[in-house]
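Trainee: Got a minute to go through a model with me? I'd like to start with the strands and then see where we end up.

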Amino acid sequence: MRARSHAVLAASVVLALAAGPLAAPAFAAPPAPASRSADQRGPDEEALRAAVAGLPNQYATAALVRVGTPGGDWHGSAGVRDLASGRPAHPDARFRAGSITKVVTAATVLRLAAQDEIDLDAPVQGYLPDLFTPDFEQPVSVRHLLNHTSGIKPGDGLGDDFAELYSHRYETLTPQQVAASAIAKGPEDFVPGTRQQYLNINYTILGLLIEKVTGRSYASEATRLVLRPAGMHHTYFPGTDPRIRGPHNRGYQAVERPDGTTRLVDVTEWNQADRWAAGDMISTTADLERLLTKLFRGKIVPQPELEEMFTTPAGVPGAVRSAGLECREVGGQVFWGKSGSRYGYSAVVAGTRDLSRTLVYSVNSTDAKSAGPKPVADAIATAALQ
């Protein structure tokens with residue numbers, strides 16, 4: 001394991017990734033240890049080391065962690081690069097960032113809005129008339145897509161459970177097919193703007209919107225408008241390529257055998273083109289930390305569009321999601337962030353708006369898509385932000 005640490009943070013909080021519905025993991029707060037006061041100290045280095053020690057185990061095979069404070073940071077890695085060789089985990093590995101992709105997609109849309117290429121209040125039906133049918137009489141604004149209040153039904157996938165999805169892992173389901181399948185299911189589940197329902201389809205359609213208004217690919221525009229300004233030089237969109245290019249730690253999924261024992265299936269290679277603008281980005285913890293800090297400092301999305309990322313929809317009961325982010329109040333402080341998971345990989349990027357503390361981690365979870373607790377990820381978050 002490798003670790004570096006510095007500095008002090010004047011706050012005492014705990015933030016853990018708690019499992020919610022598979023499509024919508026959320027942030028929650030376990031109780032902080034009463035014996036520790038972060039008013040005088042920075043991250044608990046001993047607790048952080050303990051959180052990532054002992055890997056691989058039944059819950060994860062590797063973990064990468066970055067905790068930031070104004071005066072310094074703590075970096076740690078543990079586990080193995082792959083189970084066959086047992087080599088130490090690569091500390092700068094690339095991994096599947098899952099739904100953290102939505103942060104980049106939202107920032108891309110907001111930059112285009114700042115350039116007057118997209119009107120956030122305009123109906124998306126006007127931008128994509130060939131996608132929507134006349135049955136969609138209620139206007140769905142771009143903002144409704146950004147904050148998950150569109151009511152559009154989910155698109156189809158390549159299966160309903162791990163076994164079925166795994167058997168199709170090298171096949172391609174295009175974003176266009178996903179969007180068309182959603183629209184074919186008919187009008188919205190609810191009046192747009194009245195409820196918040198986290199679904200990938202909102203960001204799949206935003207990807208199509210980006211391509212329509214720019215005439216260029218989603219990947220090229222997201223790279224031009226967000227990745228490059230953020231300095232994310234090790235982040236990319238794989239498209240139909242099932243591999244993770246460059247150094248990476250392999251991902252595994254625990255699968256139960258008929259006799260009740262468990263085996264770990266290598267899920268590293270997977271064509272996830274259908275996740276696209278909603279969840280098909282490959283990144284590093286350092287790049288995600290750059291994204292968080294430059295985004296929050298207004299270096300990527302200008303005002304007033306940046307406020308969309310820190311504003312939940314008014315009048316929507318229980319709304320905690322904004323444009324690309326999610327908020328949680330923990331210990332009297334508000335954290336904004338995003339989680340992401342693909343089979344074999346769980347990740348989080350989160351921080352206070354003033355960046356008094358940030359956390360980025362990638363855990364090679366053996367049950368990354370489960371709705372149950374994730375002991376390694378939870379221990380990291382608790383140790384990092386107490």
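Mentor: Sure, we'll take the strands, then a helix pair, then the aromatic rings.

Trainee: What kind of model is this, and how are residues numbered?

Mentor: It's a predicted model, so to speak with filters on: local features need pLDDT of at least 70, side-chain atom pairs count only at pLDDT 80 or more, and totals for chains, interfaces and linings use all residues. Residues are numbered from 1 along each chain as its sequence is written, and side-chain values use heavy atoms, with hydrogens and water left out.

Trainee: OK, S13. How many of its residues are buried?

Mentor: 8 of 8, for the strand covering residues 358-365. Buried is under 20% relative accessible area, exposed is over 50%, and partly exposed is in between, with a 1.4 Å probe and protein chains only. Strands (E, at least two residues) and helices (H or I, at least four) are DSSP runs, numbered from the N terminus.

Trainee: And which way do the side chains go?

Mentor: Thr358, Val360, Ser362 and Asn364 point one way, Leu359, Tyr361, Val363 and Ser365 the other, and all are buried.

Trainee: Which strands pair with S13?

Mentor: S4 (residues 60-69) pairs with S13 in the antiparallel sense over 7 bridges, and S12 (residues 345-352) is joined to S13 by 6 bridges, also antiparallel. Pairing needs at least two DSSP bridges between the strands. On the S12 side, Ser346 has Val363 as its bridge partner.

Trainee: What about the turn between S12 and S13?

Mentor: The two form a hairpin with 5 residues between them, and Leu355 in that turn has a positive phi of about 60 degrees.

Trainee: Back to S4. Which residue of S13 is the bridge partner of Gly68?

Mentor: Thr358. Gly68 is buried at 9% relative accessible area, and Thr358 is buried at 4%. Leaving aside neighbours within four places in sequence, Gly68 is in contact (heavy atoms within 4.5 Å) with Asp73, Glu289, Ser356, Arg357 and Thr358. Thr358, not counting residues up to four places away, touches several residues, among them Arg66, Glu289 and Leu292.

Trainee: What else does S4 pair with?

Mentor: S5, antiparallel, through 8 bridges. Arg66 stands opposite His75 in S5, and 7 of the 8 residues of S5 (72-79) are buried.

Trainee: Switching to helices. How do H8 and H10 pack?

Mentor: H8 (residues 218-230) and H10 (residues 285-296) pack at an angle of about 100 degrees, with axes 8 Å apart. They're therefore roughly perpendicular, the label for 65 to 115 degrees; under 35 is roughly parallel, over 145 roughly antiparallel, and the rest oblique. Val226, Pro229 and Ala230 of H8 meet Arg290, Leu291 and Lys294 of H10.

Trainee: Last topic, the rings. How many aromatic pairs are there?

Mentor: The search of the whole structure finds 10. Rings of Phe, Tyr and Trp (its six-membered ring) pair if their centres lie within 6.5 Å; planes under 30 degrees apart are stacked, over 60 edge-to-face, the rest tilted. Phe296 and Phe310 have centres 5.0 Å apart and planes at 75 degrees, so that pair is edge-to-face.

Trainee: Where do those two sit?

Mentor: Phe296 is in H10 and Phe310 in the loop between H10 and S10 (326-330), so the pair ties together parts 14 residues apart in sequence. Phe296 is buried at 7% relative accessibility, and Phe310 is buried at 9%.

Trainee: Which residues do ring pairs link into a cluster?

Mentor: Phe162, Tyr166, Trp270 and Tyr343.

Terms used
Axes fitted to C-alpha atoms, helices over the stretch in contact; angles between N-to-C directions.
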